[in-house]
Amino acid sequence: MTETILALLIFLFPLAYSPGPGNMLFAANGALFGFRATLPASIGYHLATWIVTLGLGFGLLGVFETWPMLFPVLKTAGAAYVLWLALKLWRARTSTSAQTARPASFTDGVMLLLLNPKAYVIIALMFSQFLSPTEPQVLTAVLLITTVFTLNNLVAFSTWTLIGDKLARAFREDQSAVWLNRSFAAILVGVATWMLLA
């Protein structure tokens, strides 16, 4: 059991900590609003992660095999959603401009997971590597893998959020804050482009 968890964490490390839609959104929100303000979105994202991963672990990946056209639709919708979030960030002026920006909400967190094709690919890869079809205790194995995956993501996203928060403290002046917001917005545009082309 311990060896499986360790192997799973090693497998997930580069996937969870590399820049992706979730990490960049949380880094940007951390920079603009601070760590605490990202908690509702984080709860939404990770609750959705646990539920979706559990469902996929119990065989819902077959939906994508039955209707392969769903994956490109999901990819396009996810990229569009990330672009919309990037636009909101681009328009934000400073951390005090409540009229032009608000922290990502619980619903934003849920939607980001549901429309994130990278998450589905990682989940499929993870279960193909760590869940045996002949596993005697499939329920326990799926629950373990799902929980480790979700907690690992939570740590990764929290790390990125703290990085964003620390960056914002270094860029307190209005002009610097605008530059930082637009830099994160440009990164999100890059992520959305990658989502479409990957």
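This passage describes a nonpolar core, a buried threonine and a nonpolar surface patch in a predicted model. Local features require pLDDT of at least 70 and side-chain atom pairs pLDDT 80 or more, whereas totals for chains, interfaces and linings use all residues. Residues are numbered from 1 along each chain as its sequence is written, and side-chain values use heavy atoms, without hydrogens or water.

The largest nonpolar core (buried Ala, Val, Leu, Ile, Met, Phe, Trp, Tyr and Cys residues joined through side-chain atoms within 4.5 Å) comprises 32 residues. Those with the most contacts inside this core are Leu-8, Ile-123, Met-126, Phe-127 and Ile-145. At least two core residues come from each of α1 (2-17), α2, α3, α6 (106-114), α7 (117-130) and α8. Beyond four places in sequence, Ile-145 is in contact (heavy atoms within 4.5 Å) with Leu-8, Met-126, Phe-127, Phe-130 and Leu-131.

Thr-38 lies in the loop between α2 (21-33) and α3. Thr-38 counts as buried (under 20% relative accessible area, 1.4 Å probe, protein chains only) because its relative accessibility is 3%. A polar atom of the Thr-38 side chain is 2.7 Å from the backbone oxygen of Phe-35. Residues up to four places away aside, Thr-38 touches Phe-26, Asn-29, Gly-30 and Thr-161.

A nonpolar surface patch (side chains of Val, Leu, Ile, Met, Phe, Trp or Tyr joined within 5 Å, from residues with over 30% relative accessible area and no salt bridge) covers about 870 Å². Helix α3 (39-60) and helix α8 (138-170) each give two or more residues to the patch, and α3 supplies the largest share, six residues. Among the patch members is Leu-143, located in helix α8.

How values were computed. Patch = residues over 30% accessible without salt bridge, like charges linked within 9 Å, V, L, I, M, F, W, Y side chains within 5 Å. Areas by Shrake-Rupley, 256 points an atom, 1.4 Å probe, with all protein chains shown as cover. Salt bridge = Lys/Arg side-chain N within 4 Å of Asp/Glu carboxyl O. Helix = DSSP H or I, 4+ residues; strand = E, 2+ residues; numbered from the N terminus. Buried < 20%, exposed > 50% of the residue type's maximum accessible area, 1.4 Å probe, protein only. Polar contact = N/O pair within 3.5 Å; in protein donor to acceptor, adjacent residues only side chain to side chain.
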